[in-house]
Amino acid sequence: MRGLTAAPAGEKGAVLRRERLYHSHVVEWRQAREAGALDVLADRRTSAVRPKKAAEQAEVERLRKKVARLEKDLACRDAALEVMGKANALLELLSESAD
């Protein structure tokens, strides 16, 4: 409905028709507002019922996930290096015994 308030005079009806909103809708919404029922229609995803996390809290959560992922990657790399070291030692042993 933001476009409705920005519509030039005489074009509000065209905006309402384009959005398939009719006078009966507006009347119904006004009655609901006067009865105090618009609170029920609030978008719960963005309303105060479900507050958004503080920016710092969201950043902390994002960084914790990143640290966990990096620690997992580091553990995999450490294991791979350990296996490569053992393989290298085995190859040296085999090379010495072949001489």
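Q: Which residues form a nonpolar patch on the surface, and what accessible area do they have together?
A: This is a predicted model, in which local features need pLDDT of at least 70, side-chain atom pairs count only at pLDDT 80 or more, and totals for chains, interfaces and linings use all residues. Residues are numbered from 1 along each chain as its sequence is written, and side-chain values use heavy atoms, with hydrogens and water left out. Patches join residues with over 30% relative accessible area and no salt bridge, like charges within 9 Å and nonpolar side chains (Val, Leu, Ile, Met, Phe, Trp, Tyr) within 5 Å; areas come from the Shrake-Rupley method with a 1.4 Å probe, only the protein chains shown counting as cover for residues. The nonpolar surface patch consists of Leu90, Leu91 and Leu94, with a joint accessible area of about 310 Å².

Q: In which helix is Leu90 found?
A: Helices (H or I, at least four residues) and strands (E, at least two) are DSSP runs numbered from the N terminus. The chain has four helices and zero strands. Leu90 is found in the helix of residues 55-98, α4.

Q: What percentage of the 99 residues in the chain is buried?
A: Buried means under 20% relative accessible area, exposed over 50%, and partly exposed in between (1.4 Å probe, protein chains only). The chain exposes about 9100 Å², of which carbon and sulfur atoms supply 58%. Among the 99 residues, the buried share is 8%.

Q: Which residue meets Arg62 in a salt bridge?
A: A salt bridge places a side-chain nitrogen of Lys or Arg within 4 Å of a carboxyl oxygen of Asp or Glu. The partner of Arg62 lies three residues away in helix α4, about one helical turn. With an N to O distance of 2.7 Å, the side chain that meets Arg62 is that of Glu59.

Q: Is Lys86, which meets Glu82 in a salt bridge, buried or exposed?
A: The two side chains meet at 3.5 Å, N to O. Glu82 and Lys86 are four residues apart in helix α4, and therefore about one helical turn separates them. Glu82 is partly exposed at 47% relative accessibility. At 55%, Lys86 counts as exposed.

Q: What is the phi of Arg20?
A: Arg20 is found in the loop between α2 (12-18) and α3 (23-35), and its relative accessibility of 65% makes it exposed. Most residues other than glycine have a negative phi. Arg20 is not a glycine, yet its phi is positive, at about 60°.
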